[in-house]
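Hi everyone, thanks for making time for this. Please bring up the model on your screens so we can go through it together.

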Amino acid sequence: MKYVKYFKAVVSIVILVAFDQLTKWLAVKYLLPGGPISIIDGVFELRYLENRGAAFGIFQNRQWMFILLTLIIVAAVIWLYIKMPETKRMLPLRIISVAVISGAIGNLIDRILNSYVVDFLYFRLIDFPIFNVADIYVTVSAVIFIILFIFYYKDDDFKFLNRKEKAAHE
């Protein structure tokens with residue numbers, strides 16, 4: 001029964017990464033040769049961009065740094081997920097973990113295969129930086145985590161992080 005949570009997480013990650021990669025493939029296939037597509041005139045469009053940096057285009061052409069940082073983040077989130085108790089209260093944190101890992105892997109695939117990340121979602125109305133589905137996974141997860149951390153979780157909910165140390169002291 002213990003491995004069911006891991007199986008569900010891996011299947012979810014595979015599905016989310018596949019969806020991210022499918023949307024990027026569609027962007028390359030249709031937006032690269034055809035140019036931007038307006039979804040809501042003057043508000044939202046699909047526009048192809050090869051992002052060789054991080055969020056909002058910062059740190060251009062430092063792919064090795066992004067690959068290393070992504071691997072560290074994914075390892076840390078996996079460690080957290082493994083230590084996390086399988087309780088109803090931890091379900092939101094488990095879902096967030098899956099989404100963060102999926103987003104990180106989705107963009108990592110691009111960085112390794114292309115040396116850039118394919119971005120294509122653009123809010124023209126506010127001139128928001130162009131982003132992709134993997135970015136949505138990570139950003140929405142971060143916002144939800146902050147909200148949960150402030151309003152839902154308490155210090156006692158994270159006792160599981162010190163479980164091994166307590167056992168050694170007893």
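I'll start with the overall fold, then go through salt bridges, aromatic rings, the surface and two loop residues.

Two quick notes on how to read everything. This is a predicted model, so local features need pLDDT of at least 70 and side-chain atom pairs count only at pLDDT 80 or more, while totals for chains, interfaces and linings use all residues. Residues are numbered from 1 along each chain as its sequence is written, and side-chain values use heavy atoms, with hydrogens and water left out.

Okay, the overall fold. The protein has 5 helices and 3 strands; these are DSSP runs numbered from the N terminus, with helices being H or I of at least four residues and strands being E of at least two. Walk along the sequence and you meet the pattern α-β-β-α-α-β-α-α. Of the 170 residues, 35% count as buried. Buried here means under 20% relative accessible area, exposed means over 50%, and partly exposed is in between, using a 1.4 Å probe and protein chains only. Now take contacts, meaning heavy atoms within 4.5 Å. Among contacts between residues at least 6 apart in sequence, 66% join residues at least 24 apart.

Next, salt bridges. How many does the structure hold? There are 6 salt bridges, each a side-chain nitrogen of Lys or Arg within 4 Å of a carboxyl oxygen of Asp or Glu. Let's begin with Lys-24 and Asp-110, whose closest N and O atoms are 3.2 Å apart. That pair links distant parts of the chain, with Lys-24 in helix α1 and Asp-110 in helix α3, 86 residues apart. Are these two partners buried or exposed? Lys-24 is buried, with a relative accessible area of 2%, and Asp-110 counts as buried at 3%.

Our second bridge joins Glu-45 and Arg-124, again with the closest N and O atoms 3.2 Å apart. Glu-45 is in strand β2 (residues 44–51) and Arg-124 is in the loop between β3 and α4, 79 residues apart. Glu-45 is buried at 7% relative accessible area, whereas Arg-124 is partly exposed at 39%.

The third one I'd like to show you is Arg-89 with Asp-157, at 2.9 Å from N to O. Arg-89 lies in the loop between α2 and α3 and Asp-157 in the loop between α4 and α5 (163–169), so this pair ties together parts that are 68 residues apart in sequence. Salt bridges that share partners also join Asp-20, Lys-24 and Asp-110 into one network. Asp-20 lies in helix α1 and counts as buried, at 0% relative accessibility. Leaving aside neighbours within four places in sequence, Asp-20 is in contact with residues including Gly-106, Asn-107 and Tyr-137.

On to the rings. The structure holds 10 aromatic pairs. Rings of Phe, Tyr and Trp (its six-membered ring) pair if their centres lie within 6.5 Å; planes under 30 degrees apart count as stacked, over 60 as edge-to-face and the rest as tilted. Tyr-6 and Tyr-81 make a tilted pair, 6.3 Å centre to centre with 55° between the planes. Tyr-6 is in helix α1 (residues 2–34) and Tyr-81 in helix α2 (residues 63–83), 75 residues apart. Tyr-6 is partly exposed at 21% relative accessibility, while Tyr-81 is buried at 9%. Why is the pair of Phe-128 and Phe-131 called edge-to-face? The ring centres are 5.9 Å apart and the planes are at 85°, so the pair is edge-to-face.

There is also a cluster: ring pairs link Phe-145, Phe-149, Tyr-152, Tyr-153, Phe-158 and Phe-160. And here Arg-89 comes back, because its charged end sits over the ring of Tyr-152, 4.1 Å from the centre. A charge sits over a ring if NZ of Lys or CZ of Arg is within 6 Å of the ring centre and within 35 degrees of the ring normal.

Now the surface. Val-143, Phe-145, Ile-146, Ile-147, Phe-149, Ile-150 and Phe-151 form a nonpolar patch with about 710 Å² of accessible area together. Areas come from the Shrake-Rupley method with a 1.4 Å probe, and for residues only the protein chains shown count as cover. Patches are made of residues with over 30% relative accessible area and no salt bridge, with like charges joined within 9 Å and nonpolar side chains (Val, Leu, Ile, Met, Phe, Trp, Tyr) within 5 Å.

Last, the two loop residues. Most residues other than glycine have a negative phi. Ser-115, though, has a positive phi of about 70°, and Asp-127 has one of about 50°. Ser-115 lies in the loop between α3 (91–114) and β3 (117–123), and Asp-127 in the loop between β3 and α4. Thanks for listening!
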